[in-house]
Amino acid sequence: MIAAARVAPSCPPEPLLARSSRMRSAEDFRHTIRRGARGAQPTLVTHVVLRPSVPGTGGHTSVGFVVSKGVGSAVDRNRVKRQLRHLMRERVDALPTGSRVVVRALPAANGAGSATLAEHLDAALSRAGAR
């Protein structure tokens, strides 16, 4: 029997958002949503808690995403999450170190293109005071 050869992709895929920058704790989500400054747009809402880091503490910025069933099917929700992760990867370095950000997708995000989501994300971050 002949084994099939694996073909490696010509260029490795770019990571969407570093694992160390992803928010995982339910308490972090809860605190950021309740206490954070809010920036709303037609396709998404951002909640931002700015925590300027104290030198030597090593605080890192973390980002979380909330995409409810109202956005669409599991395929639609995962697509929206991937788009938002990619967009935040480009913006996470512009945030103050130690900040916490939750991006909540609204049902209108399902039909929106990446350019629209990028425009709304920038406006929502500005509105929340993160930029």
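## Close-up views of a predicted model

**Figure 1. Overall arrangement of the chain.** Along the sequence, helices and strands succeed one another in the pattern α-β-β-β-α-β-α. The structure shown is a predicted model, and its chain contains three helices and four strands. Of its 131 residues, 37% count as buried. Among contacts with a separation of 6 or more, 80% are made by residues 24 or more positions apart. The chain exposes about 7900 Å², and carbon and sulfur atoms supply 54% of this area.

**Figure 2. Helix α2 and its buried side.** The 18 residues of α2 should span 26 Å at 1.5 Å a residue, and the end C-alpha atoms are indeed 26 Å apart, so the two values agree. Buried in this helix are Arg77, Val80, Gln83, Leu84, Leu87, Met88 and Arg91. These residues lie on the same side of α2, because they cover an arc of only 130° around the axis. In general, an α-helix has 3.6 residues a turn, so residues three or four places apart point the same way. The cover over the buried residues of α2 includes the strands β2 (44-49), β3 (62-67) and β4 (100-105), together with helix α3 (114-127).

**Figure 3. Glutamate 90 in helix α2.** Glutamate 90 belongs to α2, which comprises residues 74-91. Is this residue buried, partly exposed or exposed? Glutamate 90 counts as partly exposed because its relative accessibility is 47%, a value that falls between the limits of 20% and 50%. Its side chain is joined to that of histidine 86 by a polar contact of 3.3 Å. Leucine 17 stands 73 residues away from glutamate 90 along the chain, yet the C-alpha atoms of the two are separated by 8.6 Å.

**Figure 4. Threonine 43 in the loop between β1 and β2.** Threonine 43 is located in the loop that lies between β1 (37-40) and β2. With a relative accessible area of 3%, threonine 43 is buried, since the cut-off for burial is under 20%. Residues up to four places away in sequence are not counted here; beyond them, threonine 43 touches Arg104, Ala105, Leu106, Ala108, Ala109, Ala112, Leu117 and His120.

**Figure 5. The largest nonpolar core and valine 101.** In soluble globular proteins, nonpolar side chains tend to be buried together. The largest nonpolar core of this chain has 24 residues, of which Met88, Val101 and Val103 touch the most other members. At least two residues of this core come from each of β2, β3, α2, β4 and α3. The most is given by α3, with five residues. Which residues are in contact with valine 101, leaving aside neighbours within four places in sequence? They are Met23, Thr32, His47, Val48, Ser62, Val63, Gly64, Met88, Leu95 and Leu125.

**Figure 6. Helix α3 and the glycine that follows.** Helix α3 has 14 residues and reaches 20 Å from its first C-alpha to its last, close to the 20 Å expected at 1.5 Å a residue. Its buried residues are Leu117, Ala118, His120, Leu121, Ala124 and Leu125. They pack against β1, β2, α2 and β4. After α3 comes glycine 129, which has a positive phi near 90°. Two of the buried residues of α3 also appear in earlier views: Leu117 is among the residues that threonine 43 touches, and Leu125 is among those in contact with valine 101.

Note on methods: Residues are numbered from 1 along each chain as its sequence is written. This is a predicted model: local features need pLDDT of at least 70, side-chain atom pairs count only at pLDDT 80 or more; totals for chains, interfaces and linings use all residues. Side-chain values use heavy atoms; hydrogens and water are left out. Buried means under 20% relative accessible area, exposed over 50%, partly exposed in between (1.4 Å probe, protein chains only). A polar contact is a pair of N or O atoms within 3.5 Å; within protein, one must be able to donate a hydrogen and the other to accept it, and residues adjacent in sequence count only if both atoms are side-chain atoms. The expected span of a helix is 1.5 Å times one less than its number of residues. The arc is that of the directions from the helix axis to the C-beta atoms. Contact means heavy atoms within 4.5 Å. Accessible areas come from the Shrake-Rupley method with a 1.4 Å probe; for residues, only the protein chains shown count as cover. A nonpolar core is a set of buried Ala, Val, Leu, Ile, Met, Phe, Trp, Tyr and Cys residues joined through side-chain atoms within 4.5 Å.
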